[in-house]
Amino acid sequence: MRIFLIWPGRKAGAEFGDLISALNKRPHEIVYWVGASEKETFKPKNTIFHSCNDAMAVIPAKGVDISEFPPISEDLINKLYKTESVVLTMMNRMFGGKSIDERKHLYYEMLRYWLGVFNKYKPEFIIFPNTPHFVFNYVIYELARLMNIEMIMFDDTRIPGRLLFYSDFRRGSDFLRARFQENKEKKFILDDLSTDIRKYYESRADKNYKKIPDYVKDLKKKYSTVQWLLFEPKIKESVKDLTVFKKAPRYFFNVFRRQGILAVKKPLLDFFRLVGNNLKKEYVGVQEKPDWSKKFIYFPLQKQPERTTSPQGDIFVDQILAIKILSASLPDDYLIYVKEHPLQWLDLGLNFPSFRYKGYYQRIAGIKNVKIIPINENSYDLIDRARVIAAVTGSAGWEAALRGKPAIIFGYVWYQDCPGVFKANDVKSCQNALKEIANGFKIDRQKIINYLKSFDEATIRGFIAATASRASGLTGQESMENIARLILKEMEKFGNY
């Protein structure tokens, strides 16, 4: 089977070489690999290697002659009109400063390149580590769907060390759905679950559980200036040996030599934005303390740009649209409490980007019955006090279902088939969900346990993201061995091998 491996593998060590070796054995062959430059040493002899940085920048792989690739046709553009819509927003991540016309041209060039590569190297199976969410790999994904090429991708679920796999992120896991269909009327008990899943459920179902997720703690530390100054190895070493006073002037001189006036201009602009108008000040200017006596729906905003909204949110990458639909569906005596993601301002700063433009929070606060609440309000308190939780794809919906609280999601997420989770995409579907909930809908704990049993059977032990590895109880090698074994098993279903 001819394999396209679209897997940067930046965080993986020697175990990534083991994955390459496992996949590149007869009757299989990795004919094309998009990977991190530092991992090129693992490249099999006859494999085309494409640096992921080059792929993102629309630069062809070395050795691929694009002069033989014709420009794309109107017919292809029309067939992928929805892809274009998603891509133009997805380009906020890397091409935020480019005009719509420039973005379209880049997209058309990317389509031309990957269609040419598909036609020349004829992939039969494409492997992604997770839902494709950079422009280049999303284009690969949509072209593969159009051409009926088999795929596999993974999802780090909220249960540490549990990977779900599927071929279409919108459809989700067929295997999980089939297992739940078979198990949903059974009478499993908690002791029927694997220890890790049982402990996870018991902790999240406990109303006293209010713990901040580990990944949030890790990223807060990562983007903390104090943390960086105190614990960045080179700075720590320089302070220890007292060379910091000699190195610091040299560092700033080199920055100024490379960047010229920008070395001064950017910090000054950042300072003025910090003391002037910025995201945080706009947010604080419209926030209100929640009134716990009111009936409300909790809607946590999701961090952007991330795959959880693009592409998994689909049209609801515009989270304001989801909030407006929710508002239009509610009785007048309900409120919607909206809270920003705790990491949104940390790594991306307080400037107004394209996905949190000036007036973004003011626009949300102007929607009927919508209140923006302080970012430090505890999400578990909000889940427990809310009548319903709504989100595009966020983990709050999952946490809510485990605590017996119904959730409405607008996008496509790995837990979308969990009991108590309703899917909405317009006012009518949202009203239907709210009506069913108001008429006495309750989440059946037995069905949650049955779903978790099905989840237990449908997942593998492993992780993709580094943030998912810490609590997994697995080494990188163990995880990669499980992933490789699963991929090979899935490939056996296709073709005569």
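## Two sheets, two cores and a helix to check

Start with a quick ruler test: the 12 residues of helix α19 (residues 427–438) should span 16 Å at 1.5 Å a residue, and its end C-alpha atoms are 16 Å apart, which agrees. The expected span here is 1.5 Å times one less than the number of residues. This is a predicted model, so local features need pLDDT of at least 70 and side-chain atom pairs count only at pLDDT 80 or more, while totals for chains, interfaces and linings use all residues. Residues are numbered from 1 along each chain as its sequence is written, and side-chain values use heavy atoms, with hydrogens and water left out.

**The chain overall**

- The chain has 21 helices and 13 strands; these are DSSP runs numbered from the N terminus, with helices being H or I of at least four residues and strands E of at least two.
- Of the 497 residues in the chain, 49% are buried, where buried means under 20% relative accessible area, exposed over 50%, and partly exposed in between (1.4 Å probe, protein chains only).
- Take the contacts between residues at least 6 apart in sequence: 70% of them join residues at least 24 apart. Contact means heavy atoms within 4.5 Å.

**The seven-strand sheet**

- Seven strands make an open sheet, ordered β3-β2-β1-β4-β5-β6-β13, and the pairing is mixed. Two strands pair if DSSP finds at least two bridges between them.
- The edges belong to β3 (48–51) and β13 (460–461): each has a single partner strand, so one side of each is left without a neighbour in the sheet.
- At the β3 edge, β2 and β3 run parallel and are joined by four bridges, with glycine 35 opposite serine 51 in β3.
- Ile48 and His50 point one way from β3, Phe49 and Ser51 point the other way, and all are buried. That fits the general pattern: in a regular strand the side chains alternate between the two faces of the sheet.
- At the β13 edge, strand β6 (residues 162–166) runs antiparallel to β13 and is joined to it by two bridges; leucine 163 has isoleucine 460 as its bridge partner in β13.
- Helix α21 (residues 476–491) packs on this sheet and touches β1, β4, β5, β6 and β13, with its direction at about 150° to that of β5. Axes are lines fitted to C-alpha atoms, for helices over the stretch in contact, and angles run from 0 to 180 degrees between N-to-C directions.
- Helix α6 (residues 135–146) lies across β1 (2–6), β2 (29–35), β4 (125–127) and β5 (150–156), running at about 135° to β5.

**The nonpolar cores**

- The largest nonpolar core has 45 residues, and Tyr32, Trp114 and Ile126 have the most contacts inside it. A nonpolar core is a set of buried Ala, Val, Leu, Ile, Met, Phe, Trp, Tyr and Cys residues joined through side-chain atoms within 4.5 Å.
- Elements giving two or more residues to this core include β1, β2, α5 (100–121), α6 and β5; α5 gives the most, with nine residues.
- Leaving aside neighbours within four places in sequence, tyrosine 32 has contacts that include Ile3, Phe4, Leu5, Ile48, His50, Trp114 and Tyr121.
- A second, separate core of 35 residues includes Ile297, Ile320, Ile372 and Ile437.

**The six-strand sheet**

- Six strands form an open sheet in the order β9-β8-β7-β10-β11-β12, with parallel pairing.
- β9 (370–372) and β12 sit at the edges with a single partner strand each, so one side of each is left without a neighbour in the sheet.
- Neighbouring strands here are turned by 25° against each other on average, direction ignored.
- β7 pairs with strand β8 (residues 334–339) in the parallel sense over six bridges, and phenylalanine 296 stands opposite leucine 335 in β8.
- Helix α18 (residues 395–402) packs on the sheet, touching β7, β10, β11 and β12, and its direction makes about 155° with that of β10.
- α18 is mostly covered, with seven of its eight residues buried; Trp398 and Glu399 are among them.
- Just after α18, glycine 404 takes a positive phi of about 80°.

**Back to α19**

- Ser429, Cys430, Ala433, Leu434 and Ile437 are buried in α19. They cover an arc of only 135° around the axis, which puts them on the same side of α19; the arc is that of the directions from the helix axis to the C-beta atoms.
- Their cover includes β7 (295–300), α15 (319–329), β10 (388–391), β11 (407–409) and β12 (421–423).
- Exposed Lys428, Lys435 and Ala438 are on the face of α19 turned away from its buried side.
- Glycine 440, just after α19, takes a positive phi of about 105°.
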